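Grab a coffee and work through a few short exercises on the structure below. Try each one yourself before you read the solution.

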Amino acid sequence: MEREIRIEPVTRVEGHGKITLHLDKKGGVRDARFHVTELRGFEEFCVGRTVWEMPALTARICGICPVSHILASARAGDAILAVRVPDAAHLLRRLMNLGQLVQSHALSFFYLSAPDLFLGWASDPAKRNVLGLAEARGDLTRKGIRLRAFGQETIERLGGKRIHPAWAVPGGVSRPLGRADRDWIASQVPEALDTIRTTLRLFKETFATAEECTVLGDFPSLYVGLVTDDGAWEHYGGVLRVVDAKGKPLVDGLDPARYEDVIGEAAEPWSYLKFPFYRPLGYPKGMYRVGPLGRLNVCDRFGTPEADAELEEFRARGSGRSGRVFDYHYARLIEILASLEQMKTVLEDERLLAPRVRAEAGINAEVGVGVHEAPRGTLIHHYWVDPNGVVTAANLIVSTGHNNLAMNRSILEIARRTIKDGAFDEGILNRIEGGIRAFDPCLSCSVHALGRLPLEVEVVGPEGAVVQTLVRD
Amino acid sequence: MDLVIGIGNPLRQDDGIGPRVVEALPVFPSAEACVVCELVPELTLRLRGARRVLFVDAEAGGAETQLGRVTGRESGWGHTLGPEGLLELAARAFGSAPDAWVLSVPGVNFGYGEGLSDRAEGFVPQAVERASRWLSEGQVSADGA
């Protein structure tokens, strides 16, 4: 008898989704699907608005990563104005994105995933949350809270507020940074570095060899991300690189505005999330991954001493490029370290305090593409405008979308390894959810419960009758 | 130091009543105020320095403003963190949490849009007065101590 297991909602991710596991007659896993069950429709909202409004408008896509959309949108606007953005503005945007990487990665690791890692995948779901973590690991929780607060405060000092700062604009940013704010941010970096060094050490001692991290969700794929012209890790600007599962470049030095040369988009009737794929291999063979693991796998080096040492160790542990989905956590921590090191460099650049931070111009191009690295991966904003700068069409490829094929593959791999003869329990289902959580998908900024939400799993027979139900509350 | 936290999203009509009340409060010595769309773990850092905290939040329905002490604690945690959960997180992560009260202000419209409904607007003066009195009582208590 064929059966279907449904995990709905998927918890501790941003947005609404569900997982269905389709079992064959012998109780093995035949297929697994991650369904994104909400529709936002921002590509349509953008039409009819001016290019100058786009950063503030698209920031509203999300409450966790508005900075990412503001920056990608501003870069698309830069291309439409065809101006030379002042150096100070580039440095300020770079600094804000580094703050964004720190705060978003800290949220993902300490608030959403650390409960699984430190309390146990099969521990009491009622306590498997940040409160349970605070009870068991108070010091780690304090450090995580302070680290995220630092990233958020950096964004606020630059943009005026932590969420939806209408700050980056086509041509630059709306206001310069004051010396006092620059000095405050710089004063906090040492503590943040201490936190991430401690956390990385703890992670490597405890989890880098754990079964969940080394066995579950290990599969080959391509990787996509930005790198500098000479191949170093990049998050703002740079060129697109695509590598195979062993790190061999398939595409290198590609102008990000030409992303359509290598990325196609498919759709499936069972999910609102698009399925981007590597065009030369077609759909669905052209599966690739972006985000922390993708960026670590495409780059040659970070270009900062501590992160480069961690990258070397990361690759030594994984025998080269890692295909393990739970290494997203490891990669995320290394990226926090790299971001903090790069913040130090940016903060020491006196051009950061220059008063001229915006170049103004009219419409000089009909099309603009903005590409940069959001915490969850490569983010693309592509606008077409009329001579007055009114948007006539928009294409947004969000970071989570790039990973759609890989997220589906991830839960299939984990389910096949953990579900035998049709038997499963809550701990197994949490490991499967964890395969999604590792990507830190941002499905929207919608509110949904976490930890306490009932998780209902139904096993449905071939005639549609529910033959088994598991409820987590 | 006493801390007043106005909770709510001003783009969801009456949900914005918490921030509206907090922004209308007079300045009190030894008191701080902030407004947030929702409670987040980082607020535990502000709670650490507070002797007392007052959460001002909208309440769907309701007939009048209600001021009550927070006595319970939340042992679970959701994407929407409540005062009880935030206080428990502060206690677990930092070893203590301030005495806390919630001022609930009735609201009726929580759809998209700016501005309060007439009914919610009518409760603002009363809510400001109750929050001010709470702050004044704390001032007397702190001075006496």
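What follows is a set of exercises on a predicted model, each with a worked solution.

**Exercise 1. Find out what scores the model has for ipTM and pTM, and what pLDDT chain B averages.**

Solution. Start with the whole model: ipTM is 0.90 and pTM is 0.90. Then go to chain B, where the average pLDDT is 91. To finish, check the spread: 92% of the residues of chain B score at least 70.

**Exercise 2. Sketch the make-up of chain A: how many helices and strands are there, and what share of the residues counts as buried?**

Solution. Count the elements and you get 14 helices and 16 strands in chain A. Next comes burial: 54% of the 473 residues in chain A count as buried. Now take the contacts in chain A between residues at least 6 apart in sequence; 70% of these join residues at least 24 apart.

**Exercise 3. Split chain A into domains and describe the side of domain 1 that touches domain 2.**

Solution. First, the split: the domain assignment puts 3–38 + 408–472 in domain 1, 84–218 + 324–354 in domain 2, and 219–323 in domain 3 of chain A. The contact between domains 1 and 2 of chain A draws 18 residues from domain 1 and 17 residues from domain 2. On the domain 1 side, helix 13 (404–418) and helix 14 (426–437) of chain A each supply at least two residues. Helix 14 of chain A gives the largest share of that side, with 7 residues. Sorting that side of domain 1 by class gives 8 charged, 6 polar and 4 nonpolar residues.

**Exercise 4. Work out the strand order of the open sheet with 4 strands in chain A, and say why one side of strand 8 and of strand 11 is left without a neighbour.**

Solution. The order in chain A reads 8-7-6-11, with mixed pairing. Strand 8 (249–254) and strand 11 (288–289) of chain A stand at the edges with a single partner strand each, so each has one side without a neighbour in the sheet. Now zoom in on strand 11 of chain A: 2 bridges join this strand to strand 6 (residues 222–227), and the two run parallel. Across from A:Tyr288 in strand 11 you'll find A:Leu222.

**Exercise 5. Which residues have the most contacts inside the largest nonpolar core?**

Solution. The core has 167 residues, and the ones with the most contacts inside it are A:Leu92, A:Ile334, A:Ile411, B:Val56 and B:Ala131. Helix 4 (residues 87–119) of chain A brings the largest share of this core, 17 residues. Finally, follow B:Val56: leaving aside neighbours within four places in sequence, its contacts include B:Ile5, B:Val22, B:Leu103 and B:Ala131.

How values were computed
Residues numbered from 1 in each chain as written. Chains lettered and ligands numbered in written order. Predicted model: local features only at pLDDT ≥ 70, side-chain atom pairs only at ≥ 80, totals over all residues. Domains from an automatic or database assignment. Contact = placed C-beta atoms within 7 Å. Nonpolar A, V, L, I, M, F, W, Y, C, P; charged D, E, K, R; others polar. pLDDT = per-residue confidence, 0-100. Core = buried A, V, L, I, M, F, W, Y, C linked by C-beta atoms within 7 Å. Buried ≥ 20, exposed ≤ 12 C-beta atoms within 10 Å, placed from the backbone. Pairing = 2+ DSSP bridges.
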